[in-house]
Amino acid sequence: MNILAIETSCDETAAAIVKDGQKVVSSIIHSQIPVHKQYNGVVPELASRAHVQSIHDVIQLAWKNKQNKIDAIAVTVGPGLAGSLLVGRMAAQTLGWLEEIPVVGVNHIEGHFLSPMIEHKKLEPPMLGLIVSGGHTELIISTRWGRYEKIGQTRDDAAGEAFDKVSKMLGWGYPGGPIIERMARTVARIKTLFPIPWLHGTWDFSFSGLKTAVLYKLREKKRWSHTEKCQIAAGFQQSVIEVLVGKTLKAAQSFHVSRVIVGGGVAANRALREAFQTAEKRYGVKALFPHPKLCTDNAAMIGAAAYIKLKHSRKSQGLQIQPHLNIPKIKSRTYQFS
Ligand code: KG4
Ligand code: ZN
């Protein structure tokens, strides 16, 4: 089954063709980073305008080879920026109407959750997912295809957002995650340490205190050398990684899930991937990642998620745009902390 997928939830205009949920036939991503860079973050109105300008070309490029028969069109319906989501939905519905192809709505978080499926062909539930991006930091359990329960989420900033803000404080660019990762890599031994935001007694996360700790550190003096800034970046990154890896693997152990999947922009971070690989054996858990190109927003993951929906004949998300589309948080389970 060939699915043409469209993703416009934030600042990437993307289209892809995915065969049987696992083979990426084509994938086009038009990044708006140059548009938002000067503001150090995504400006919603500029994002929707940029989607309008590029969506047609992006879809055309992804579906250049018209020999590829399309069985369904998938489109992200939320969560995301309302105006940006609307552009994708209008494009999907118009194309569906013109070509007489059914259109299915997909949850963006479900797309990130299922993105490792493209790399790891035999993936199946039960799985615990850490979705860690610029807008989300969530721990989600899937006990069967299509069933998701959130056990934890950030109470303030998303991890990627904290990377972006700390990069800005250090006078570096946007998006901050890849820059901080690069600078941290130049540090042989981390001497500038920051608190690890554990939030005991819950699977929730919090990164705003850590961000403030970096701010207070920077207020200690007026000028910081590049080497000192790299130390701060490395110390900050280490605290984020320690809490993400520690909490996720503990949750997997607690909920008796042996497969952990990590998706979202921050999952591209090599230090995070290495930390999971180092720790996973201790917890008897296997951590799986999507290809780095499929960590940040892309349409291939939306195609993979749509395939799972159609294969397991669940209702699609519907085509109603839902900017705050949520995965329900479970309250009933007894948490076991050690
Ligand atoms: O998944 P994504 O493209 O968009 C959202 O759904 O939010 O994630 C973008 C976020 C940004 O905050 C960016 O700084 C972060 O992912 N990011 C990274 C890395 N690459 C992207 N964070 C840490 N290390 C990276 N290598
Ligand atoms: Zn995303």
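Author: Before we place any loop, note that helices and strands are DSSP runs, of at least four and at least two residues respectively, numbered from the N terminus. The model before us is predicted.

Reader: With that naming settled, which loop holds P175?

Author: P175 lies in the loop between α6 and α7, and the peptide bond that joins Y174 to P175 is cis, with omega about -5°.

Reader: How should I read such an angle, and where is P79 found?

Author: As a general idea, most peptide bonds are trans, and most residues other than glycine have a negative phi. In this structure the bond from G78 to P79 is cis, with omega near -10°, and P79 is found in the loop between β4 (72-78) and α3 (82-99).

Reader: Turning from omega to phi, what is the phi of N40?

Author: N40 is not a glycine, yet its phi is positive, about 55°; the residue belongs to the loop between α1 (33-36) and α2 (44-62).

Reader: Now to the ligand: where does ligand 1 sit, and how much space lies in the largest pocket?

Author: Ligand 1 sits in the largest pocket, which holds about 1200 Å³ of space. Of the 47 residues lining that pocket, C10, S133, G134, G135 and D164 are the closest to its centre.

Reader: Which element gives the largest share of the pocket lining, and how does the lining divide by residue class?

Author: The largest share of the lining, six residues, comes from α6, while β3 (23-31), α4, β7 (137-144), β8 (147-153) and α7 are among the elements that each supply at least two. By class, the lining divides into 16 nonpolar, 21 polar and 10 charged residues.

Reader: For the shell around ligand 1, which residues come nearest, and which element gives the largest share?

Author: A residue enters this shell if one of its heavy atoms lies within 4 Å of the molecule. Of the 20 residues around ligand 1, those that come nearest are G134, D164, E181, N269 and D297. Here α7 gives the largest share, four residues, and α4 (108-114), α6 (159-169) and α7 (176-184) each supply at least two. The shell consists of five nonpolar, 12 polar and three charged residues.

Reader: How far is a polar backbone atom of G135 from an oxygen atom of ligand 1?

Author: A polar contact is a pair of N or O atoms within 3.5 Å, so the 3.1 Å between a polar backbone atom of G135 and an oxygen atom of ligand 1 falls under that cut-off. A backbone N or O atom of G177 lies 3.0 Å from a ligand oxygen, and a backbone N or O atom of D297 likewise lies 3.0 Å from an oxygen atom of ligand 1. The protein covers 91% of the 550 Å² of accessible area that ligand 1 has on its own.

Technical notes. Residues are numbered from 1 along each chain as its sequence is written. Chains are lettered from A and ligands numbered from 1 in the order in which they are written. This is a predicted model: local features need pLDDT of at least 70, side-chain atom pairs count only at pLDDT 80 or more; totals for chains, interfaces and linings use all residues. Side-chain values use heavy atoms; hydrogens and water are left out. A polar contact is a pair of N or O atoms within 3.5 Å; within protein, one must be able to donate a hydrogen and the other to accept it, and residues adjacent in sequence count only if both atoms are side-chain atoms. Accessible areas come from the Shrake-Rupley method with a 1.4 Å probe; for residues, only the protein chains shown count as cover. On a 1 Å grid over the protein atoms alone, a cavity is a set of points where a 1.4 Å probe fits but cannot get out, and a pocket is an open set with protein on both sides within 12 Å along at least five of seven lines; lining residues have an atom within 4 Å of a point. A molecule sits in a cavity or pocket if more than half of its atoms lie within 2 Å of its grid points. Ala, Val, Leu, Ile, Met, Phe, Trp, Tyr, Cys and Pro count as nonpolar, Asp, Glu, Lys and Arg as charged, and the others, Gly among them, as polar. Grid points are joined across faces, edges and corners, and a volume is the space filled by probe spheres set on the points.
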